Amino acid sequence: MQTLSEQQRTALEDRVTERWQALEAREFEQAWEYTSPAFRAIFPKQLYRKKFSYAVTWELTGVKVVNYDASAAVASVVVRVMSEPTKRTSTASELIGATPTSVRERWIFTDGQWWFSANY
């Protein structure tokens, strides 16, 4: 593909959304399923799960494809989430509450599917 068709963009956005829904639900093993086959061949689910903290919760608020490099079949995606600590440890954290965060991710297209390119 030289450019992303509307169908490919939608497929990518759907995959990103599904992965983040798994993260929101703390189903880290399911989120691992969205990582690239090369990554999964090296890093088992148990190791991937340990990457995440239970101290923060997320709520997905938006997904936007911002760039696509056709020669590398890599898309840059900005994911917008609200993040919030699970335990209020100070008055400041109580007052601040949920904060908006933007996460930049790389997704690769291989074997007819979009895969999260995990940076480990």
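The following dialogue examines how several descriptions of this predicted model are justified.

Trainee: What elements does the protein hold, and in which order do they run?

Mentor: There are 5 helices and 4 strands. From the N terminus on, the order is α-α-α-α-β-β-α-β-β. The C-alpha trace spans about 50 × 30 × 20 Å along its principal axes.

Trainee: Why are β1 and β4 called edge strands of the sheet?

Mentor: The 4 strands form an open sheet in the order β1-β2-β3-β4, with antiparallel pairing. β1 (56-69) and β4 (113-116) each have a single partner strand, so one side of each is left without a neighbour in the sheet. Neighbouring strands are turned by 30 degrees against each other on average, direction ignored.

Trainee: How do you know that β1 and β2 are paired?

Mentor: Pairing requires at least two bridges between the strands. β1 and β2 (residues 74-85) have 12 bridges in the antiparallel sense, and therefore they meet the criterion. D69 stands opposite V74 in β2. The two strands form a hairpin with 4 residues between them, and A73 in the turn has a positive phi of about 55 degrees.

Trainee: Which helix packs on this sheet, and what does the helix touch?

Mentor: Helix α1 (residues 6-24) packs on the sheet and touches β1, β2, β3 (99-110) and β4. The direction of α1 makes about 155 degrees with that of β1.

Trainee: Why is the pair of Y48 and F52 called edge-to-face?

Mentor: Two rings pair if their centres lie within 6.5 Å, and planes over 60 degrees apart count as edge-to-face. For Y48 and F52 the values are 5.2 Å centre to centre and 75 degrees between the planes, so both conditions are satisfied. The structure holds 9 aromatic pairs. Y48 and F52 also belong to one aromatic cluster with W20, F28, F39, F43 and W58.

Trainee: What makes Y48 and F52 count as buried?

Mentor: The cut-off is a relative accessible area under 20%. Y48 has 0% and F52 has 15%, so each residue is classed as buried. Buried residues make up 33% of the 120 residues in the protein.

Trainee: What does the pair of Y68 and W114 tie together?

Mentor: Y68 and W114 form an edge-to-face pair, at 6.1 Å centre to centre and 75 degrees between the planes. Y68 lies in strand β1 and W114 in strand β4, so the pair ties together parts that are 46 residues apart in sequence. Both Y68 and W114 are buried.

Trainee: How do you know that the charged end of R19 sits over the ring of F116?

Mentor: One requirement is that CZ of Arg be within 6 Å of the ring centre, and the other is that it be within 35 degrees of the ring normal. The charged end of R19 is 3.7 Å from the centre of the F116 ring, so the distance requirement is met. R15 lies over the face of W115, at 4.9 Å from the ring centre.

Trainee: Which residues have the most contacts inside the largest nonpolar core?

Mentor: They are L12, W20 and W107, in a core of 26 residues. The elements that give two or more residues to this core are α1, α2 (28-32), β1, β2 and β4. The largest share, 5 residues, comes from α1. Residues up to four places away in sequence aside, L12 touches V65, A75, V77, W107 and W114.

Methods: Residues numbered from 1 in each chain as written. Predicted model: local features only at pLDDT ≥ 70, side-chain atom pairs only at ≥ 80, totals over all residues. Heavy atoms only, no water. Axes fitted to C-alpha atoms, helices over the stretch in contact; angles between N-to-C directions. Contact = heavy atoms within 4.5 Å. Phe/Tyr/Trp six-rings, centres within 6.5 Å; stacked < 30°, edge-to-face > 60°. Buried < 20%, exposed > 50% of the residue type's maximum accessible area, 1.4 Å probe, protein only. Core = buried A, V, L, I, M, F, W, Y, C linked by side-chain atoms within 4.5 Å.
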